[in-house]
Amino acid sequence: MSDRVYIFDTTLRDGEQVPGCRLDTKEKVEVAKKLEEMGVDIIEAGFPVSSPGDFSSVQEISKAVTWPTVCALTRAVESDIKIAAEALHFAKHPRIHTGIGTSPYHIKYKFNSTPEEILERAIGCVSFAKKFVEDVQFYAEDAGRTPNEYLARVVEAVIKAGATVINIPDTTGYCLPSEFGEKIKYLMEHVDGIDKVTIATHCHNDLGMATANTISGLINGARQAEVTINGIGERAGNTSLEEVVMIMKSHRELNLDTNINTRKIARTSRMVSSMMNMPVQPNKAIVGRNAFAHSSGIHQDGVLKNRESYEIIDPKDVGINENAIVLTARSGRAALKHRLESLGVKMTKEELDACYEQFLKLADKKREVVDEDVLMLAGKHRAASHRIKLEWLQVSAGVGIKPVASICLDIAGEKFEACATGNGPVDAAINAIKKIISRKMLVQEFLIQAFDKGSNDVGKVHITVECDGVFHNGFAANSDIVAASAEAFLDAVNKIPY
Ligand code: KIV
Ligand code: ZN
């Protein structure tokens, strides 16, 4: 009989802390519903005191999901905790996640305090949170660099104060897997009352060891893994949900099990990637475009003879190639609607009609319309609500001539035209847009990726635009990469407050 590991997803809190990955409340609710559908046990919905947007996201997610626990983050500050409790008012299973830094670095430099004072504050925040909810999770920030003896004292004290879950974050991603496992083991063996609570791992990936550390923690007694979809998160990111879940599924000898429906992994990954404008690296384990692609002849031959010769996971188990219905120019509205719904996109009849029209245009250009294309079309439908829209774009470029772009933008119903040159067609198109929108906008990042293969493929463009010191991410996909670039630029520009 396997032991149950609870999956705590913090895509919408720690993951969303990445500059440029911000989602609005509606988008966060969409992601939360997808996480619920996939079987996530606890959804960390935000840090309510940090902004009105975070407060409303926690509130709306609390209303929208049914069985998962909804969790809100706080510092060890009473006003944070009160506001978190308010935001969680509608949650069926609310949890407050409060805590404080416990490493010498945090105690000395962040708080200019002493270990004894921090211990008192830790007890204080848990006791205060208990006045509002039964389920209180405590985090010992930078536990990875906290000496085990002191960490054990803090953990024992907060358990006595009523904490139900103890989170041991490796905040800086510093620990070695053996060291992190030892830490959990030490707590399991030295803390009174540890058997009454759940120990959680929360590992960052600064040295590429987040997944290894999480698994080491689970092997040594932790029963909650804190993760994000695609491993997104600040700096090098958090532990990725898909890796941890698939390790448990593949290594049955660990006797660890989760509630995750792994067949929903690929879709959730794509949805989060496209909504957060965060491309997944092609060789990313489990969800990367190449994760199951065998290009060498020897591998292809081996896989064809027996999949297990070179594949340890059946791609179907993570929801890849699951769709038997192939979408082509002959597919009807119902097939498109079915595929959109299976990808978590719901549309009204009018929206579906508009999307279907776009679909037919794309299907005319492509032999087969794949899931990524469908998500791209759904994204176009989101772009339809932009204040600044691309009306038309004409670019002339080639060898031996200077690229020129003419563009027409629709800004809140009014049409504006401009023409510009550039060092390439994309540069020319962006310069033309800048002539119409006279703000100081700098392209800080620009990435073009193919969805699939072949020269008829759709290109995805991710762009980061800086305006007044704030970064705005944009995304677009189009079979014309210059158009995709202009649309991605406009997607970012639409996020700039005017
Ligand atoms: O990395 C970390 O320590 C955190 C805590 C706030 C849980 O994200
Ligand atoms: Zn973190």
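Trainee: How many salt bridges does the rule find across the interface of domain 1 and domain 2?

Mentor: Just to set the scene, this is a predicted model. Across that interface the rule finds 1 salt bridge. The partners are Asp-317 and Arg-263, and their closest N and O atoms are 3.9 Å apart. That fits under the cut-off, since a salt bridge asks for a side-chain nitrogen of Lys or Arg within 4 Å of a carboxyl oxygen of Asp or Glu.

Trainee: Where do the domains run along the chain?

Mentor: The domain assignment gives domain 1 as 3–275, domain 2 as 297–382 and domain 3 as 386–493. For the first pair, 15 residues from domain 1 and 15 residues from domain 2 take part in the contact. The C-alpha centres of domain 1 and domain 2 are 33 Å apart.

Trainee: What area is buried between domain 1 and domain 2?

Mentor: Here's the general idea: the size of an interface is often given as the accessible area lost when the parts come together. In this case about 1,400 Å² is buried between domain 1 and domain 2, and carbon and sulfur atoms give 46% of that.

Trainee: Which three residues supply 51% of the area that domain 1 buries against domain 2?

Mentor: Three arginines: Arg-263, Arg-267 and Arg-270, and no other three residues supply more. You've already met Arg-263 in the salt bridge with Asp-317. Arg-267 and Arg-270 are in helix α10, and both are buried.

Trainee: How many residues of α10 are buried?

Mentor: Helix α10 covers residues 265–275, and 11 of its 11 residues are buried. Among them are Ile-265, Met-271, Val-272 and Met-275. After α10 comes Asn-277, with a positive phi near 55°.

Trainee: How should I read a positive phi?

Mentor: Start from the usual case: most residues other than glycine have a negative phi. A positive value is something to look up in the structure. Arg-235 has a phi near 50°, and it sits in the loop between β9 (224–227) and α9. Ala-412 also has a phi near 50°, and its place is the loop between β12 and β13 (414–421).

Trainee: Are those two residues buried or exposed?

Mentor: Look at the relative accessible area, where exposed means over 50%. Arg-235 is exposed because its value is 53%. Ala-412 has 59%, so Ala-412 counts as exposed too.

Trainee: Why does Glu-243 count as buried?

Mentor: The cut-off is the thing to remember: buried means under 20%. Glu-243 has 18% relative accessibility, so it counts as buried. It belongs to helix α9 (residues 241–250). Skip the neighbours within four places in sequence, and Glu-243 is in contact with Thr-211, Lys-284, Ala-285 and Ile-286.

Trainee: What is the relative accessible area of Val-154?

Mentor: It's 0%, so Val-154 is buried. You'll find Val-154 in helix α6 (residues 148–160). Beyond its neighbours within four places in sequence, Val-154 is in contact with Thr-102, Leu-119, Ala-122 and Phe-138.

Trainee: What does Asp-410 touch?

Mentor: Asp-410 is in strand β12 (residues 404–411), and it's buried, because its relative accessible area is 11%. Not counting residues up to four places away in sequence, Asp-410 touches Arg-387, Ile-388, Lys-389, Glu-391 and Lys-415. There's also a distance to look at: the C-alpha atoms of Asp-410 and His-386 are 9.6 Å apart, with their positions 24 residues apart along the chain.

Trainee: Where does Ser-396 lie?

Mentor: In strand β11 (residues 388–396). Ser-396 counts as partly exposed, since its relative accessibility is 37%. Leave out residues up to four places away in sequence, and Ser-396 touches Ile-401, Lys-402, Pro-403 and Val-404.

Trainee: Which residues make the nonpolar surface patch of about 290 Å²?

Mentor: Val-443, Phe-446, Ile-448 and Ile-481 make that patch. Strand β14 (residues 441–450) gives the largest share, 3 residues. Ile-448 is found in β14.

Trainee: How does Ile-448 get into a surface patch?

Mentor: Patch residues need over 30% relative accessible area. Ile-448 has 35%, so it is partly exposed.

Methods: Residues are numbered from 1 along each chain as its sequence is written. Chains are lettered from A and ligands numbered from 1 in the order in which they are written. This is a predicted model: local features need pLDDT of at least 70, side-chain atom pairs count only at pLDDT 80 or more; totals for chains, interfaces and linings use all residues. Side-chain values use heavy atoms; hydrogens and water are left out. Patches are made of residues with over 30% relative accessible area and no salt bridge: like charges are joined within 9 Å, nonpolar side chains (Val, Leu, Ile, Met, Phe, Trp, Tyr) within 5 Å. Accessible areas come from the Shrake-Rupley method with a 1.4 Å probe; for residues, only the protein chains shown count as cover. Helices (H or I, at least four residues) and strands (E, at least two) are DSSP runs, numbered from the N terminus. Buried means under 20% relative accessible area, exposed over 50%, partly exposed in between (1.4 Å probe, protein chains only). Domain bounds come from an automatic or database domain assignment. Contact means heavy atoms within 4.5 Å. Buried area is the accessible area (1.4 Å probe) that two parts lose on being put together, summed over both.
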